[in-house]
Structure formats: structure tokens, C-alpha cells
Amino acid sequence: MSASRPPDPASPRSGRALGATLRTPAPVTGSAALVGAGPGAADLLTMRAVRALERAEAVLYDALLDPAVLDLAPPHARRIDVGKRCGRHAMNQAAINRLIVDLARQGLHVVRLKGGDPFLFGRGGEELDALRAAGVPVEVVPGVTAACAAAAGLQVPLTHRDMARSIHFVTGHGRDGTVPAHDWTALVRAGGTIAAYMATRTLPSVAAALVAAGLDAATPAVAVENASRAEERHVFGTIASLPALLAAPAPSGPTLVLIGAVIGLAGAIGGAETAGGAEVVEGSEPALAA
Ligand SMILES: C[S@@+](CC[C@H](N)C(=O)[O-])C[C@H]1O[C@@H](n2cnc3c(N)ncnc32)[C@H](O)[C@@H]1O
């Protein structure tokens, strides 16, 4: 009995079959842009983001996006809602990656619009990897991240020469939905402002971990819901009181928690409304800096 051998690549007889399987894939004629859409207000898009949208032939966007942003794309552009909100994925990440690649392979200029900045808790890195692996030319357009929009709405600087020498972006939501194992002690020792993304649900655990790591329980904290949007709402407290204050009514929009002495500076705006018209939740006062 003779064992079948793999074809010898050097043999002229194997040339046609191998040529077919090893043929270099046709170059991708389309392209992709990972575009930061900012925190929600259409006028917080960058000029570069607007230009990318104006020449888009397909736009993949998330459910939370302001419809006015989508209007910037030409009418003939395909608009695809791949919307995912915390814990409820309309399309999983692998499917989104495949879709961007497939559309670019069809020769389209694809804009993947992502809330805030694409590279901050936005899985932009995973999409970039998929596009590079598929040979799709890709551009990345930064966006205004939620922490910057929230700070601007509060008129609170995220860093301050006397109060906060660093800013730390952390997530309150790990892969399994629980709080990730941050080095809380190092975070507290650093002494800067903490911007906690996706931390509304896990705030009791985040707060407890920070206090256990040595953060003063009286450290000012604020939850900013819908930063930059018409429905922006602020809930002020301390790191100890904020979890309970935020529980009722629980935010329904995207919410960011800022923690640190600089939040005390928001006291300067006071009153029931900020200059931007945001609602300050009744019963919660801007905390004073320690
Ligand atoms: C998946 S992360 C995306 C972050 C985004 N890439 C960025 O740079 O802002 C989603 C989280 O960002 C925060 N976020 C996004 N937009 C926001 C907004 N307009 N107001 C408050 N928080 C927001 C919330 O913590 C939300 O759970």
C-alpha cells in the first residue's frame, strides 16, 4: 500500500493546484477609519471625524449615537447599527470585526464610529488588529473621551497643580462583568483624579476597594450621566456616599464617575443648574474639597 504524499511544491505538475491555493489575495481596495464620535454632542466631533464621515460609504455605529452625527454621512452610505450597551451586545465583537473587513474588501470606505475616543475602553485595538491582519488600510481618528466632556460640563479641571498631578482612567467592568483587579493601593497612592468608566453598577465595590486601599471616605466624587448631552445630570457626593445617592434614581444613560479633590471645585458653580444646563440631583450637593 502506498501512502499518499503531499504535493511537492517544486514539482511543475503541482504548480497549478498550489498556485491556486497560495495565490496572494487581491489587494483590498476599500479602507477603514476608526473614528471617535465623542461623548454624544454632535458639535464635539473633530473636523477630521466630520471629513471621514463625509466620504464614508458605510458607517457602523453604536446605539447610543446622536442621529445628527449620522446625518453627516452621504445619503447613499450604508448605515449599520452594531449597537452594544454594557452587557447587551447587538452584534458581538468578532462579528463587528468581520463586517468591517468584509465591507472594506467590497471596496467601500468604512467608518467605524465609536463613542468617545476609539482607544479608550472602546475595543478599538481589537478592531485595528483585525483590519491590519486582513490588510485593510486603516486610519484612527481620536475623539473627546467621556471624562474630558464630563469635566468640561462640571467646569472642573481633571488635573490641578495643587490637587491632582495625574489622571487615571479605570474601568469598573471587567470581562465577566465584575470589577477588575486593579492595583487599588497604587491608584490611591498616586493621589490623582480617578475617572471610572462603566462603573455605575459596580460602584459600591469600586468605592469599597478604594476606601480599603486608603482613600479618605470624604473624598469628593460625582457621577455624570449623559455628559455633553441635553439630558446631562450630575450626582455629587463623597466616595462613601455616592453609591447610595446614585442608586435612586439609577442612571439610564451612560454615566462616568469622577473621584478626587478637584471635584470639590465644582462647588464654584453651585445652584440647581450649571452653565450648560445640567440637572444637579436634588439632595446632592457639590462636595467641598478636603
Ligand atoms: C464602552 S465605554 C466607551 C468609552 C469611550 N470610548 C470614551 O472614550 O468615552 C462606555 C462608558 O463610557 C462612559 N461614557 C460614554 N459616554 C458618556 C457620556 N456621554 N456621559 C457619561 N459617560 C459616558 C460611561 O462610563 C460608559 O459606560
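Student: Which residues of α6 are buried in this predicted model?

Tutor: In this predicted model, a residue is buried if 20 or more other C-beta atoms lie within 10 Å of its own. In α6, the residues that meet this criterion are A146, A147, C148, A149, A150, A151, G153 and L154.

Student: Why is α6 largely enclosed by the rest of the structure?

Tutor: The helix α6 has nine residues. It is largely enclosed because the number of its residues that are buried is eight.

Student: Which strands are included in what covers the buried residues of α6?

Tutor: The cover over the buried residues of α6 includes strands from several places in the sequence, among them β8 (167-171) and β9 (193-197). Also included are β10 (220-225), β11 (233-238) and β12.

Student: Which residue just after α6 takes a positive phi?

Tutor: The helix α6 covers 146-154. Just after α6, a positive phi of about 55 degrees is taken by Q155.

Student: Between which domains does the shell around the ligand lie, and why?

Tutor: The shell around the ligand receives residues from both domains. It therefore lies between domain 1 (31-141) and domain 2 (146-280).

Student: Of the 23 residues around the ligand, which come nearest?

Tutor: By class, the shell has twelve nonpolar, eight polar and three charged residues. At least two residues of the shell come from each of α6 and β12 (255-259). Of the 23 residues, those that come nearest to the ligand are G116, G122, T145, A146 and A227.

Student: Is T255 buried or exposed?

Tutor: T255 is found in strand β12. Beyond four places in sequence, T255 touches T200, A223, V224 and E225. Because 24 other C-beta atoms lie within 10 Å, T255 is buried.

Student: What separates the C-alpha atoms of T255 and V222?

Tutor: Along the chain, T255 and V222 are 33 residues apart. Their C-alpha atoms are separated by 10.0 Å.

Student: Of the 73 residues in the largest nonpolar core, which touch the most other members?

Tutor: The residues that touch the most other members of this core are V59, A150, V222, L256 and L258.

Student: Which element gives the most to this core?

Tutor: The core draws at least three residues from each of domain 1 (31-141) and domain 2 (146-280). With seven residues, the element that gives the most is α6.

Student: Which residues are in contact with V222, leaving aside its neighbours within four places in sequence?

Tutor: V222 is one of the core residues that touch the most other members. Leaving aside those sequence neighbours, V222 is in contact with L154, H234, V235, F236, L258, I263 and A266.

Methods. Residues numbered from 1 in each chain as written. Predicted model: local features only at pLDDT ≥ 70, side-chain atom pairs only at ≥ 80, totals over all residues. Near = placed C-beta within 6 Å. Helix = DSSP H or I, 4+ residues; strand = E, 2+ residues; numbered from the N terminus. Nonpolar A, V, L, I, M, F, W, Y, C, P; charged D, E, K, R; others polar. Domains from an automatic or database assignment. Buried ≥ 20, exposed ≤ 12 C-beta atoms within 10 Å, placed from the backbone. Contact = placed C-beta atoms within 7 Å. Core = buried A, V, L, I, M, F, W, Y, C linked by C-beta atoms within 7 Å.
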